[in-house]
Amino acid sequence: MSKDILIKECKEKMEKTVEATKIRFTSIRAGRANVSMLDEIKVSQYGSEMPLNQVGTVSAPEARLLVIDPWDKSIIPSIEKSIMVANLGLTPNNDGRVIRLLIPELTADRRKEYVKMAKKDAEEGKVAARNIRKDINNSLRRLEKSEEITTDELKDAEEEVQKITDKVIKDIEKLLALKEKEITTV
């Protein structure tokens, strides 16, 4: 394995870490209806687990309302059960045709709790980035030990990996700042 391949692998893994952090942030609600809040919900249908958005249309017609319009109305109880099990703090109401989810106003305590969750997710992303850095640097040192690269090349590669890591950590911190603002803005 060459130094260039390792650095390319580092960039790809780091980008995936940022994306994973973004995805985790979407599940933290901010008092406004957002269809991505339901992305992680799986519904049992015909003996298999399917994502909610594959069994019906999910929309946010109002700032504090989500509407789920299942294509097969017979699975409404299964969708309701999945929402309750997901523990999002939302209570489904159905009229036999659609399911409505009223998004309650966030209390100050709930906002603090969500900010803590976002900070925890951001820290997990940063730790993942640092672990990637460590693994890539270890691989680079093995290349130097086996004399596939020189000491100078090792130093340059480690500096490049550090620059990539610093950028990813900054990106995660920017995402966290945006999420905190979204949560705390009334």
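Helices in this briefing are DSSP runs (H or I) of at least four residues, numbered from the N terminus. With that in hand, welcome to a predicted model. Two topics run through the tour: an open sheet of four strands with antiparallel pairing, and helices such as helix 1 and helix 3, which pack at an angle of about 170°. A few single residues are picked out along the way.

**The sheet**

- The four strands of the open sheet come in the order 3-4-6-5, and their pairing is antiparallel. Strand 3 (56–62) and strand 5 (92–94) form the edges, each pairing on one side only. On average, neighbouring strands here are turned by 25° against each other, with direction ignored.
- Strand 3 and strand 4 run antiparallel and are joined by five bridges. The link between strand 3 and strand 4 is a hairpin that passes through two residues. Within this pairing, Val58 has Ile68 of strand 4 as its bridge partner.
- Strand 4 also runs antiparallel to strand 6, with four bridges joining them. Here Leu66 stands opposite Leu101 of strand 6.
- Strand 5 pairs with strand 6 (residues 99–102) in the antiparallel sense, over three bridges. In this case Pro92 is the residue that stands opposite Leu101 in strand 6.
- How enclosed is strand 4 by the rest of the structure? Strand 4 is largely enclosed, because five of its six residues are buried.
- A handy reminder when you look at side chains: in a regular strand they alternate between the two faces of the sheet.

**Helix 2 on the sheet**

- Helix 2 (residues 76–85) packs on the sheet and touches strand 4 (65–70), strand 5 and strand 6. The direction of helix 2 makes about 165° with that of strand 5.
- The buried residues in helix 2 are Ile76, Ser78, Ile79, Glu80, Ser82 and Ile83. Their cover includes strand 1 (42–45), along with strand 4, strand 5 and strand 6.
- Just after helix 2 comes Asn87, whose phi is positive at about 55°.

**Helix 1, helix 3 and helix 4**

- Helix 1 (residues 3–26) packs against helix 3 (residues 108–145) at an angle of about 170°, and their axes are 10 Å apart. Angles over 145 degrees count as roughly antiparallel, so helix 1 and helix 3 are roughly antiparallel to each other. Sorted by class, their contact has 12 nonpolar, four polar and seven charged residues.
- Helix 3 and helix 4 cross at roughly 170°, and their axes come within 10 Å. Helix 3 and helix 4 are therefore roughly antiparallel to each other. By class, the contact of helix 3 with helix 4 has 15 nonpolar, six polar and 11 charged residues.
- Helix 4 (residues 151–184) has 34 residues. From first C-alpha to last, helix 4 reaches 49 Å, close to the 50 Å expected at 1.5 Å a residue.
- Which residues of helix 4 are buried? They are Leu154, Ala157, Val161, Ile164, Thr165, Val168, Ile169, Ile172, Leu175, Leu176, Lys179 and Ile183. Helix 1 and helix 3 are among the elements that cover them.
- For reading a list like this, recall that an α-helix has 3.6 residues a turn, so residues three or four places apart point the same way.

**Single residues to look up**

- Arg133 is found in helix 3. With a relative accessible area of 23%, Arg133 is partly exposed. Leaving aside neighbours within four places in sequence, Arg133 is in contact with Met14, Val161, Gln162 and Thr165. Two of these contacts, Val161 and Thr165, also appear among the buried residues of helix 4.
- Arg133 and Met84 are 49 residues apart along the chain, and their C-alpha atoms are separated by 39 Å.
- Lys13 belongs to helix 1 and counts as partly exposed at 37% relative accessibility. Lys13 and Ala129 are 116 residues apart in sequence, yet 8.1 Å apart in space, C-alpha to C-alpha.
- Buried or exposed: which word fits Glu147? Glu147 is exposed, with a relative accessible area of 71%. Glu147 lies in the loop between helix 3 and helix 4, and its phi is near 60°, a positive value in a residue other than glycine.

Definitions and conventions:
Residues numbered from 1 in each chain as written. Predicted model: local features only at pLDDT ≥ 70, side-chain atom pairs only at ≥ 80, totals over all residues. Heavy atoms only, no water. Pairing = 2+ DSSP bridges. Axes fitted to C-alpha atoms, helices over the stretch in contact; angles between N-to-C directions. Contact = heavy atoms within 4.5 Å. Parallel < 35°, antiparallel > 145°, perpendicular 65-115°, else oblique. Nonpolar A, V, L, I, M, F, W, Y, C, P; charged D, E, K, R; others polar. Expected span 1.5 Å × (residues − 1). Buried < 20%, exposed > 50% of the residue type's maximum accessible area, 1.4 Å probe, protein only.
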